[in-house]
Amino acid sequence: MDVENHYAMLLGINSPWEVVLVNLKLEQQKVEVAIEYSASEGPCPKCGALSPKHDDRQLRTWRHLDTMQFETQLHCRLPRVKCDQHGAISMAAPWAEKGSRFTLMFEAFAIRVLKAARSVEEARKLLGLNWHQVEAIKSRAVERGLGRRESTVIPYIGIDEKQFRKGHNYISSLVDLSAGCVLDVVEERTEAATKTLLDKALTPFQQGQVTAVALDMWKAFANAINEKMPQADIVHDRFHISQHLNNAVDKVRRQESKVLMDQGDHRLKGTKFQWLRNEENLNDAVIDNFTVLRDSDLKVARAWAIKESFRGFWDYKSKAWAEKYFNQWYSWAIRSRLKPIKEKARMIKVHLPNILTYFKHGISNAAAEGLNSKI
């Protein structure tokens, strides 16, 4: 097999597309592959009608996967056909998408590198591309993926926010909880933005088939769901509730630590994460000290005990028993005389109906949180 046929086979090019020349440039560390179209007619890229060849466009270049350590470039003058319906129009290159200067094989490889790399910057350097080229490759990959997406029933979705840059800048993402994939993303976390997100990601039919939605207690999200998908149950995410209780414990710790420090008592200094982690996840270096603090008469120890006790709420299978457990826990929290704990307990009680739906559907925003971390 000669080198031209060898490259044609590797590129998946068939007659009348032909590799006519392969030029190795050692000093530039490049391989240049020249391609020509040999037929006198071809399909219109819009309607597919076989049409006579009109002329050739100017020479264009596409980057392909490297050959060994050599950058490989494809060169071709794309032919134009004269379609009765669409006039003179350029034929599509079988190795690349319209408007791209990279082959489909190179773009597929670039996406794999982007997914594996720790950052876009790392991937960009490995691929030898600039930011604009990387963004264009990503955009085309997303369009291809959306084009393959089928309009199937999605029973469980999750909506979550992600803060980025400085200040109060947010995006809102919509996730298919069963498939574990992002359906769409919009800027901001307003009610209007959430409605736009739902309309972008789901057809009216799909919206009507959603069974339940996992989200935090952000009112704008709930309002949008109630308007667009009134049949769907709202399930307030258990991990956000845990985060609220952790914040209350930390507030108690900070307030108490300040008072103790003024008295020369440094027991709570540097213990923040001991109170926020689950006890079973504490390492051996701090467990003994934490056990002493946990069993003390400190206010933060009481706050921590109340927070830990709420974990038992999620262990129930029955909504009725879970509600009974909550009422007992709520009574304890309200009598605790710990303002941050009481505030969070009242907040949870207000949203209890949409928390108890967890026992009907068993969903959380864990998938959305994981995807937001990647974002």
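The points below concern the salt bridges in this predicted model.

1. In total, the structure holds 24 salt bridges. Three of these pairs, and one network, are taken up here by name.

2. Arg 140 and Glu 107 form a salt bridge in which the closest N and O atoms are 2.7 Å apart. Distant parts of the chain are linked by this pair, since Arg 140 belongs to helix H4 (residues 131–148) and Glu 107 to helix H2 (residues 104–116), with their positions 33 residues apart in the numbering. Both Arg 140 and Glu 107 are buried.

3. A salt bridge also joins the side chains of Arg 189 and Glu 161, at 3.0 Å from N to O. Here too the pair links distant parts of the chain, 28 residues apart, with Arg 189 in the loop between strand E9 (181–187) and helix H5 (191–201), and Glu 161 in strand E7 (residues 156–163). Glu 161 has a relative accessible area of 21% and is therefore partly exposed, because the term buried is kept for values under 20%.

4. The side chains of Lys 195 and Glu 227 meet in a salt bridge with an N to O distance of 2.7 Å. Lys 195 lies in helix H5 and Glu 227 in helix H7 (residues 219–228), so this contact ties together parts of the structure that are 32 residues apart in sequence. Lys 195 is partly exposed, its relative accessible area being 21%.

5. Glu 97, Glu 107, Arg 140 and Arg 144 are joined into one network by salt bridges that share partners. The pair of Arg 140 and Glu 107 described in point 2, both of them buried, should thus be read together with Glu 97 and Arg 144 as members of that network.

Definitions and conventions:
Residues are numbered from 1 along each chain as its sequence is written. This is a predicted model: local features need pLDDT of at least 70, side-chain atom pairs count only at pLDDT 80 or more; totals for chains, interfaces and linings use all residues. Side-chain values use heavy atoms; hydrogens and water are left out. A salt bridge is a side-chain nitrogen of Lys or Arg within 4 Å of a carboxyl oxygen of Asp or Glu. Helices (H or I, at least four residues) and strands (E, at least two) are DSSP runs, numbered from the N terminus. Buried means under 20% relative accessible area, exposed over 50%, partly exposed in between (1.4 Å probe, protein chains only).
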